[in-house]
Amino acid sequence: MHYQRLALLPQQLHIVIQTRCASTSSSPFPFPVHPHPTPHQIFHLPYNASQQDIKARYYELVRHHHPDSLSCRDLPSSDRQARFQAIAHAYDTLRGKNPQTGTRRDWGEYADELQRRKKRWERQQSARYNYAHPPRYKWESNADDRWKDNMILTIGIVSLVLGIAPSLLMLPFSVHKTRQKHLETASDYSKVRAEAMEEGEERRQNMKYRVKEMKPQKDATDGPTDVNA
């Protein structure tokens, strides 16, 4: 339809309009194609952009993305209106207020995107913390493997009981046997001591007897020596 109207215009005006359409057909600030773009992504500005830059960029976006502009003539009417409303909403958000509530905290259609980014940041922080502080022990088992874990635990408990039970049952007998050994050892020690005392007494008696026998012999030997003197 537009091209049919251009054909009816004079040649010079036709050239001017074609040049204008060619210059505006490709926008220097295209609308983001991914869903739920942020206001800074729509305006193609950094987060530290000034209010003056935001205002100037808003005028440029309105000129390129207005529903009646030539650069949007190939888009459906619903898409043109949605883009223009998103630009206006982003402009109000960057200025510090929302057109519906007048507050800075209501992000409108950007709330879902902000919530998604917040959750992703929280997951990243949690992953970094878990990597820096790994758990000492983590018990993980599926529902199908629980019976295996229970069986292993039961076998371990039964083995422990069977290993300790004989020792506990034999403990009184071992104590009695140890006591008997101590008593026998004490009795043997008493016998050995008595025998040693008897042997010592016998040796003392023998020594006394020998001393008595040697005394007359010594006196007899000393007697003639005194007479000669």
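1. Let us start with L94. At 12% relative accessibility, L94 counts as buried, a word that here means under 20% relative accessible area, with exposed meaning over 50% and partly exposed in between (1.4 Å probe, protein chains only). L94 sits in helix α5; helices are DSSP runs of H or I with at least four residues, strands are runs of E with at least two, and both are numbered from the N terminus. This is a predicted model, in which local features need pLDDT of at least 70, side-chain atom pairs count only at pLDDT 80 or more, and totals for chains, interfaces and linings use all residues. Residues are numbered from 1 along each chain as its sequence is written, and side-chain values use heavy atoms, with hydrogens and water left out.

2. What does L94 touch, not counting residues up to four places away in sequence? The contacts of L94 are P39, H40, F43, Q51 and I54, where contact means heavy atoms within 4.5 Å. Take Q51 as an example: L94 and Q51 are 43 residues apart in sequence, yet their C-alpha atoms lie 8.1 Å apart in space.

3. Next, the helix that holds L94. Helix α5 covers residues 77–95, and its 19 residues should span 27 Å at 1.5 Å a residue; the end C-alpha atoms are 27 Å apart, which agrees. The expected span is 1.5 Å times one less than the number of residues. Just after α5, G96 takes a positive phi of about 110 degrees.

4. Which residues of α5 are buried? They are R80, A86, I87, H89, A90, Y91, D92, T93 and L94. Their cover includes α3 (39–43) and α4 (51–65).

5. The aromatic residues are worth a look in the viewer. Four aromatic pairs turn up in a search of the whole structure; rings of Phe, Tyr and Trp (its six-membered ring) pair if their centres lie within 6.5 Å, and planes under 30 degrees apart count as stacked, over 60 as edge-to-face and the rest as tilted. F43 and Y58 make one stacked pair, 6.5 Å centre to centre with 10 degrees between the planes. This pair links distant parts of the chain, with F43 in helix α3 and Y58 in helix α4, 15 residues apart. F43 counts as buried because its relative accessibility is 0%, and Y58 counts as buried at 17%.

6. Y58 also pairs with Y91: their ring centres are 3.9 Å apart and their planes at 10 degrees, so this pair is stacked. Here Y58 in helix α4 is linked to Y91 in helix α5, 33 residues apart along the chain. Both Y58 and Y91 are buried. Together, F43, Y58, Y59 and Y91 form one aromatic cluster.

7. Now the charged side chains. Side chains of opposite charge can pair when their charged atoms come close. How many salt bridges does a search of the whole structure find? It finds four, each being a side-chain nitrogen of Lys or Arg within 4 Å of a carboxyl oxygen of Asp or Glu. One of them joins D92 to R95, with the closest N and O atoms 2.9 Å apart. D92 and R95 both belong to helix α5, three residues apart, about one turn of the helix. D92 is buried because its relative accessibility is 14%, whereas R95, at 39%, is partly exposed.

8. Helix α7 (residues 146–228) has salt bridges too. R203 bridges to E199, the closest N and O atoms being 3.2 Å apart, and these two lie four residues apart in α7, about one turn of the helix. R203 counts as exposed at 53% and E199 as partly exposed at 43%. R204 bridges to E201 with the closest N and O atoms 2.2 Å apart; these are three residues apart in helix α7, which means about one helical turn between them. R204 is partly exposed at 46%, and E201 is partly exposed at 34%. An α-helix has 3.6 residues a turn, so residues three or four places apart point the same way.

9. Finally, a surface feature. W147, M151 and I155 make a nonpolar surface patch of about 340 Å², and I155 has its place in helix α7. Patches are made of residues with over 30% relative accessible area and no salt bridge, like charges being joined within 9 Å and nonpolar side chains (Val, Leu, Ile, Met, Phe, Trp, Tyr) within 5 Å. The areas come from the Shrake-Rupley method with a 1.4 Å probe, and for residues only the protein chains shown count as cover.
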